[in-house]
Amino acid sequence: MYTQSFSVQDGPGLKAVEATSAEDAKLAEQFQARIDADGRIEPQDWMPEAYRKTLVRQISQHAHSEIVGMLPEGNWILRAPSLKRKCILVAKVQDEAGHGLFVLCSRDTWN
């Protein structure tokens with residue numbers, strides 16, 4: 001379902017990236033060439049809207065998985081047998097929450 005290929009041609013399971021002008025078509029070709037060369041894509045770079053939308057959705061899913069990952073740990077804090085173990089669980093929950101916040105903030109740079 002996810003792919004790095006966003007060509008102007010239709011592919012199996014892909015919608016075509018429609019170029020609205022000759023300049024957009026040229027930018028789409030340059031973008032695809034950078035992807036094919038395993039180049040780095042930065043938030044301010046031009047990219048097809050379908051690519052940006054999918055990328056933002058994937059980043060959001062990653063952030064939510066980090067946040068949801070801390071929920072089971074948090075339930076055990078009050079049940080931990082010692083203060084030391086409570087502190088370990090609190091640190092783990094804070095770590096996961098921090099990861100989620102970091103990923104959510106980075107997602108906002110792509111919008």
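**Exercise 1. Find which residue Arg107 pairs with in a salt bridge, and how exposed that partner is.**

Step 1: Arg107 forms a salt bridge with Asp108, and their closest N and O atoms sit 3.2 Å apart. Here, a salt bridge is a side-chain nitrogen of Lys or Arg within 4 Å of a carboxyl oxygen of Asp or Glu.

Step 2: Now check the cover on the partner. Asp108 has a relative accessible area of 44%, so it counts as partly exposed. The cut-offs are under 20% for buried and over 50% for exposed, with partly exposed in between (1.4 Å probe, protein chains only).

Before going on, a word on what you're looking at. This is a predicted model, where local features need pLDDT of at least 70 and side-chain atom pairs count only at pLDDT 80 or more, while totals for chains, interfaces and linings use all residues. Residues are numbered from 1 along each chain as its sequence is written, and side-chain values use heavy atoms, leaving out hydrogens and water.

**Exercise 2. Work out how many salt bridges the whole structure has, and look at the ones made by Lys92 and by Glu42.**

Step 1: Searching the whole structure turns up four salt bridges.

Step 2: Take Lys92, whose side chain meets that of Glu96 at 3.1 Å, N to O. Why is their spacing along the helix worth a look? Lys92 and Glu96 are four residues apart in helix α3 (residues 83-108), so about one helical turn separates them.

Step 3: Compare the cover on each end. Lys92 is partly exposed at 34% relative accessible area, whereas Glu96 is buried at 12%.

Step 4: Move on to Glu42, which is joined to Arg40 by a salt bridge of 3.5 Å, N to O. Glu42 is partly exposed, at 30%, while Arg40 is exposed, at 68%.

**Exercise 3. Describe the fold in terms of its helices and strands.**

Step 1: Count the elements. The protein has three helices and zero strands; these are DSSP runs numbered from the N terminus, with H or I over at least four residues for a helix and E over at least two for a strand.

Step 2: Read them off in order. From the N terminus, they go α-α-α.

Step 3: Check the cover and the contacts. Of the 111 residues in the protein, 25% are buried. Among contacts between residues at least 6 apart in sequence, 50% join residues at least 24 apart, where contact means heavy atoms within 4.5 Å.

**Exercise 4. Find the residues of the largest nonpolar core and the helix that gives the most to it.**

Step 1: Know what to look for. A nonpolar core is a set of buried Ala, Val, Leu, Ile, Met, Phe, Trp, Tyr and Cys residues joined through side-chain atoms within 4.5 Å.

Step 2: List the members. The largest core has eleven residues: Phe31, Ile35, Ile41, Met47, Tyr51, Leu55, Val56, Ile59, Ala63, Val103 and Trp110.

Step 3: Sort by element. α1 (22-36) and α2 (49-75) are the elements that give two or more residues to this core, and α2 gives the most, with five.

Step 4: Zoom in on Ile59. Skipping residues up to four places away in sequence, Ile59 touches Val103, Ser106, Arg107 and Trp110.

Step 5: Don't miss the other one. A second, separate core of five residues includes Met70, Ala80, Leu89 and Val93.

**Exercise 5. Decide whether Asp45 is buried or exposed, and name its contacts.**

Step 1: Place it. Asp45 lies in the loop between α1 and α2.

Step 2: Check the area. Asp45 is buried, with a relative accessible area of 18%.

Step 3: Look around. Leaving aside neighbours within four places in sequence, Asp45 is in contact with Arg34, Arg40 and Arg52.

**Exercise 6. Say where the prediction is confident and where it isn't.**

Step 1: Start with the average. The mean pLDDT of the protein is 83, and 82% of its residues reach 70 or more; pLDDT is the predictor's confidence in each residue, from 0 to 100.

Step 2: Compare the helices. α1 has the lowest confidence, with a mean of 89, and α3 the highest, at 93.

Step 3: Spot the weak stretch. Over residues 6-16, pLDDT stays under 50. Where pLDDT is low, the predicted coordinates should not be read in detail.
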